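Welcome to a short set of exercises on helix packing and charged pairs. Have the sequence and the model open, and try each task before reading its solution.

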Amino acid sequence: AVAAIAAGTWLSIASRPSIVRESAVRSPARAEAFQAYQRGMYFLNRRQGGGCDLAEHYLKQALALAEDFAEAHAQLAFCYGFDHLAGRMPAAESARLGREEALRALALDDRLPEAHLALGLVQHRVDYDWASAERSLKRAVELAPGNATALVFCAELLYAAGRDDEALALYRAALAVTPFHLDHNTGFGYCLFNLRRFDEAITQFRKTLELDPSWTTARFWLAE
């Protein structure tokens, strides 16, 4: 059974001071590895038009230069999770590869929020193990209370569990942190669309397209 999750609980966690830690994206010894990582992150954040392929290429390049680069392992896990969601990889392969990379990241740095997020993505969206996903995502929020992506992933879990009002509250909290994030804005519109709040969804998708008229995901859902 899906564990009950109250949005108030998540927002309470998100309001706590961050646990003191080094920057989530700190430069490894070799600057070349970090540059490859940055290129990978650029394409991961723009996953359309083969972006995930390019992201994987650069993240693997970063890891070839610095295999102990925990952040690169975590972001590669995201790539594998998104590959399945985009229909580019079978669920079993996505789960295996994504989990391996997330666990490598955690073995290197168990206080890295992105590693817990990546594992939570695989558990929620590929394994459908919502109880484990809840634990991973809650840990990510505890480690990085201001991480909007963590709040969005928690919102998606709440929405899947039928906790619609709490999910919308978390989307709004995330967008207060990252108002120009294309994926977060689109996800909020998609949530509104599925709740049949069509006027609000249309407004949200149009707002997203104002940020980037070429963002085809928002254009697709607006056409729906």
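Helices (H or I, at least four residues) and strands (E, at least two) are DSSP runs, numbered from the N terminus. Please note that this is a predicted model, in which local features need pLDDT of at least 70, side-chain atom pairs count only at pLDDT 80 or more, and totals for chains, interfaces and linings use all residues. Residues are numbered from 1 along each chain as its sequence is written, and side-chain values use heavy atoms, with hydrogens and water left out.

**Exercise 1.** Find where Arg139 and Glu142 lie, and how their side chains meet.

Solution.
- Step 1: both residues belong to helix α7, three residues apart, or about one turn of the helix.
- Step 2: their side chains form a salt bridge at 3.5 Å, N to O. The term requires a side-chain nitrogen of Lys or Arg within 4 Å of a carboxyl oxygen of Asp or Glu.
- Step 3: Arg139 is partly exposed, at 26% relative accessible area, and Glu142 is partly exposed at 27%. Here buried means under 20% relative accessible area, exposed over 50%, and partly exposed in between (1.4 Å probe, protein chains only).

**Exercise 2.** Work out which residue of the Lys138 and Glu134 salt bridge is buried.

Solution.
- Step 1: the two side chains meet at 3.9 Å, N to O.
- Step 2: Lys138 and Glu134 are four residues apart in helix α7 (residues 130-143), so about one helical turn separates them.
- Step 3: Glu134 has a relative accessible area of 11% and is therefore buried, whereas Lys138, at 24%, counts as partly exposed.

**Exercise 3.** Locate the two ends of the salt bridge between Arg125 and Glu156.

Solution.
- Step 1: the N to O distance in this pair is 3.1 Å.
- Step 2: the pair links distant parts of the chain, with Arg125 in helix α6 and Glu156 in helix α8 (residues 148-160), 31 residues apart.
- Step 3: Arg125 is partly exposed at 28% relative accessibility.
- Step 4: for the wider tally, the structure holds eight salt bridges.

**Exercise 4.** Describe how α5 and α6 pack.

Solution.
- Step 1: α5 (residues 91-108) and α6 (residues 113-126) pack at about 160 degrees, with axes 8 Å apart. Axes are lines fitted to C-alpha atoms, for helices over the stretch in contact, and angles run from 0 to 180 degrees between N-to-C directions.
- Step 2: the two helices are therefore roughly antiparallel, a label for angles over 145 degrees.
- Step 3: the contact (heavy atoms within 4.5 Å) includes Gly98 and Leu103 of α5 and His116 and Val122 of α6.

Methods
Angles under 35 degrees count as roughly parallel, over 145 as roughly antiparallel, 65 to 115 as roughly perpendicular and the rest as oblique.
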